Amino acid sequence: MALKLFLFALLLCLPTSLSSTASKGKEKKSKFNPYRYTFIDKASTFSSSSSSSFSSNGQDSSYDYIVIGGGTAGCPLAATLSQNFSVLVLERGGVPFTNANVSFLRNFHIGLADISASSASQAFVSTDGVYNARARVLGGGSCINAGFYSRADAAFVKRAGWDPKLVKESYPWVEREIVHQPKLTLWQKALRDSLLEVGVRPFNGFTYDHVSGTKIGGTIFDRFGRRHTAAELLAYANPQKLRVLIYATVQKIVFDTSGTRPRVTGVIFKDEKGNQHQALLSNRKGSEVILSSGAIGSPQMLMLSGIGPKKELQRLKIPVVLENEHVGKGMADNPMNTILVPSKAPIEQSLIQTVGITKMGVYVEASTGFGQSPESIHTHYGIMSNKNELFSTIPAKQRRPEATQAYITRNKYQLHEAFNGSFILEKLAYPISRGHLSLVNTNVDDNPSVTFNYFKHPVDLQRCVEAIRLVSKVVTSNRFLNYTQCDKQNVHKMLSLSVKANINLRPKQLNDTKSMAQFCKDTVVTIWHYHGGCLVGKVVSPNRKVLGVDRLRVIDGSTFDESPGTNPQATMMMMGRYMGVKILRERLGNKAGV
C-alpha cells in the first residue's frame with residue numbers, strides 16, 4: 001500500500017516528431033526500427049558480430065566510449081562523442097517515444113503512478129519517510145519531470161570551474177531541439193501577479209536565465225502539450241558511430257587490477273531476457289567508461305563495482321578495487337513544502353511555468369490540475385469516492401461500481417482532479433543538511449538506502465518558515481483572491497488543509513499547523529532535485545575522472561554539491577554537451593570539429 005501512495009505523494013508535492021538529423025548517413029540496412037532511430041535496439045541484440053561494425057579498429061567488438069545510462073546528461077554526451085568516436089550507450093529502461101504517459105502533459109500523474117517493472121519511473125522512499133522517484137527510461141529525468149527549463153546562474157558556473165564561453169554555446173545546442181516558451185494558464189498568471197504584489201521583484205519576463213525576481217521559464221512541453229526529452233538530443237548523433245541498447249542493465253564495471261592502478265576494461269550487463277553480456281573498451285588511448293546513471297545510480301554502481309567505503313563493500317562481500325570513504329556521501333535533496341489553495345472554479349492543468357526567485361534562497365512555483373485527496377488513491381484517484389472531503393465534483397449517484405469502471409474505461413488517459421484548487425510550492429535552493437547513500441544488497445535492480453536528513457540543520461528549517469510565510473502572503477494577496485473567488489482564509493486553516501494533502505511517512509504532530517517549523521518538518525516532500533554521492537574533489541576530479549583509477553568518469557548530478565537553477569535539467573543536458581565537447585577537444589584538438 002505504501003508504494004500505491006507513491007503517486008499521491010509526488011502529485012501533491014507539485015507539482016511531433018523530432019528532426020530527422022539522425023537519419024542522415026548510412027542506415028542499418030532497410031530494416032524497420034520501432035525505436036525511432038536505427039542505432040537503438042534491445043539489449044538482447046548485442047553480440048560480437050553485431051557490434052563489430054561500431055568498433056574503433058574494425059577487428060573487435062570494443063568501443064571508444066561506453067556510457068552507462070542514457071539519461072538527461074547521457075544522451076547529449078553520447079550524441080556529442082559520436083561525432084568522432086564509437087559510442088555504446090547502455091540504458092536500463094525503454095524508449096519514451098511511444099509511451100503516452102511520458103509524452104503528454106495531461107498524463108504526467110499517470111506516469112508517476114505506474115509502479116510496474118516496465119514503468120519509466122522507479123519509486124523509492126528515503127529513510128526520512130519521503131516518497132521519491134528515479135527515472136528508468138531513455139531520456140532520464142526529462143521524461144518524468146515537470147518540464148521546467150531554467151539555466152544555472154553565473155555564480156554556479158564559476159564555482160563549477162567551467163568555461164563560461166563553452167557553457168553559453170552548450171545551452172542553445174539543447175534549446176534549439178527541445179525547449180519552448182510556455183503559454184501561461186490563468187493560474188500561472190495569477191501567481192506571477194501575486195509574487196510581484198508581495199515584493200518578489202523585478203519582473204524579468206520570459207527568460208531561460210536564472211535571475212532574482214519573478215520570471216517565466218522555458219518548458220520542454222510544446223504548445224500541444226507534448227513532451228520533448230533529452231532522448232531527442234540523439235538527433236544530433238552520428239548514427240554510424242553510435243549504438244544505444246535499451247533494457248540493458250549494467251551490473252558492474254570491470255577492472256584490470258594487475259597494474260599499479262585499477263584500469264577499466266569494460267562492463268558486464270544483462271539484457272531484457274536476463275542473459276549476461278560483456279562490452280569491452282577499445283585499447284586506444286583516451287577510451288573510457290562514463291557513468292551517467294544519476295545521483296542514485298552512479299554511487300550505487302561504483303560500490304557494486306568495488307569502489308567505495310571498505311567496510312560496506314566487505315559487508316556485502318564485494319571485492320574491493322579501490323577504497324574511497326566518500327562514495328555515497330554528501331547526498332542532498334532540496335526540501336519542498338506545498339500549500340493547497342482552494343478555488344470556486346475548475347483549474348486548468350499546468351506544470352511549472354512561473355517562478356519567484358527570492359533573495360532568501362527560496363523558489364516559489366505552482367502546479368495545477370493534478371491534485372488528489374488523501375483517500376483518493378484507494379478508489380481510482382478519488383474521482384468516484386464518496387469519502388472525498390475536498391470539493392468532490394462527481395455526483396454521488398454516478399459513483400456506482402459499474403459507473404466507476406465505465407468512467408475509467410472511457411477516460412483511461414484523461415483522469416481529472418478530484419477537487420477545485422491547486423498547489424503553491426516553495427523549494428529551498430541550497431540546503432545545508434546532508435545525508436548519505438548505502439547499499440542494501442548487491443542487486444542493481446533494487447534501490448539503495450538513501451538518507452537526505454531534511455531540515456537537520458537549523459538554518460534550513462528557519463528558511464522554510466520564512467518561505468511558508470511568504471507563500472501565505474502570496475495566496476492571500478488581492479490578485480490571487482480575485483482569481484480564486486474565495487474568501488481570505490486564516491493561515492492556520494490553510495495549513496491544516498494542506499497537512500491532509502501532503503503525504504509522506506513522517507510522523508505528524510498535533511500542533512503542526514500552529515508551528516510553521518513543525519509544519520515544515522511534517523509535510524516535507526521532494527521535487528526530485530537530489531544530488532551528490534560522487535562529489536568533485538572527493539570521488540571525481542574537476543574534469544569528472546574517478547580518482548585513483550584509469551579510464552572512468554562520472555558525468556551527472558551525483559557530482560554536484562548543489563542543484564543548479566530552479567530546475568537542474570537544463571544544466572544536466574548542457575553538461576552532457578559541454579563535457580562531450582571538452583573531451584573531444586582534449587583528445588583531438590582542432591580536429592574535433594566542435
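A residue counts as buried when its relative accessible area is under 20%. In this predicted model, six of the eight residues of helix H15 (residues 516-523) meet that cut-off, so the helix is largely enclosed by the rest of the structure. The buried set is made up of Met516, Gln518, Phe519, Cys520, Asp522 and Thr523. What do these residues pack against? Their partners are strand E19 (335-342), helix H12, helix H14 (491-501) and strand E25.

Moving on along the chain, strand E25 (525-526) is followed by a loop that runs to strand E26 (552-554), and histidine 529 is found in this loop. The UniProt record marks His529 with the annotation "active site". Is histidine 529 buried or exposed? With a relative accessible area of 6%, histidine 529 is buried, since the cut-off for that label is under 20%. Setting aside neighbours within four places in sequence, histidine 529 touches residues from several stretches of numbering: Ala332, Asp333 and Asn334, then Lys427, and finally Ser563, Thr566, Asn567 and Pro568. Tryptophan 528 sits in that loop between E25 and E26 too. Its phi is near 70°, a positive value in a residue other than glycine. Tryptophan 528 is also buried, at a relative accessible area of 16%.

A couple of other backbone details are worth a look. Lysine 317 has a positive phi as well, near 60°, and again this is a residue other than glycine. This lysine lies in the loop between helix H10 (310-315) and strand E17 (322-323). Unlike the buried tryptophan 528, lysine 317 is exposed, with a relative accessible area of 76%. Then there is the peptide bond from arginine 201 to proline 202, which is cis, with omega near 0°. Proline 202 has its place in the loop between helix H8 (186-197) and strand E8 (203-206).

Helix H12 (458-475) has a loop on either side. In the one between strand E24 (449-451) and H12 lies asparagine 453. Although asparagine 453 and methionine 331 are 122 residues apart in sequence, their C-alpha atoms are 9.1 Å apart in space. Beyond its neighbours within four places in sequence, asparagine 453 is in contact with Asp128, Ser433, Arg434 and Gly435. The loop between H12 and helix H13 (478-484) holds threonine 476, which counts as buried at 15% relative accessibility. Its contacts, again without neighbours within four places, are Leu481, Lys488, Gln489 and Met494.

What about the empty space? The largest pocket has a volume of about 620 Å³. Its lining takes in 31 residues, and Gly94, Ala117, Ser118, Ser119 and Tyr247 lie nearest the centre. Two elements give two or more residues to this lining, namely helix H4 (100-103) and helix H5 (108-113). H5 gives the most, with three residues. By type, the lining splits into 13 nonpolar, 10 polar and eight charged residues.

The second largest pocket holds about 470 Å³ of space. It is lined by 22 residues, with Leu105, Lys183, Asp222, Arg223 and Gln353 nearest the centre. Here the split is 10 nonpolar, seven polar and five charged. Where does the second largest pocket lie? Domain 1 (39-46 + 60-181 + 223-327 + 529-587) and domain 2 (182-222 + 330-524) both give residues to the lining, so the pocket lies between them.

Notes. Residues are numbered from 1 along each chain as its sequence is written. This is a predicted model: local features need pLDDT of at least 70, side-chain atom pairs count only at pLDDT 80 or more; totals for chains, interfaces and linings use all residues. Side-chain values use heavy atoms; hydrogens and water are left out. On a 1 Å grid over the protein atoms alone, a cavity is a set of points where a 1.4 Å probe fits but cannot get out, and a pocket is an open set with protein on both sides within 12 Å along at least five of seven lines; lining residues have an atom within 4 Å of a point. Grid points are joined across faces, edges and corners, and a volume is the space filled by probe spheres set on the points. Helices (H or I, at least four residues) and strands (E, at least two) are DSSP runs, numbered from the N terminus. Ala, Val, Leu, Ile, Met, Phe, Trp, Tyr, Cys and Pro count as nonpolar, Asp, Glu, Lys and Arg as charged, and the others, Gly among them, as polar. Domain bounds come from an automatic or database domain assignment. UniProt positions are given in the numbering used here, feature names are shortened, and annotations may be inferred rather than shown by experiment. Buried means under 20% relative accessible area, exposed over 50%, partly exposed in between (1.4 Å probe, protein chains only). Contact means heavy atoms within 4.5 Å.
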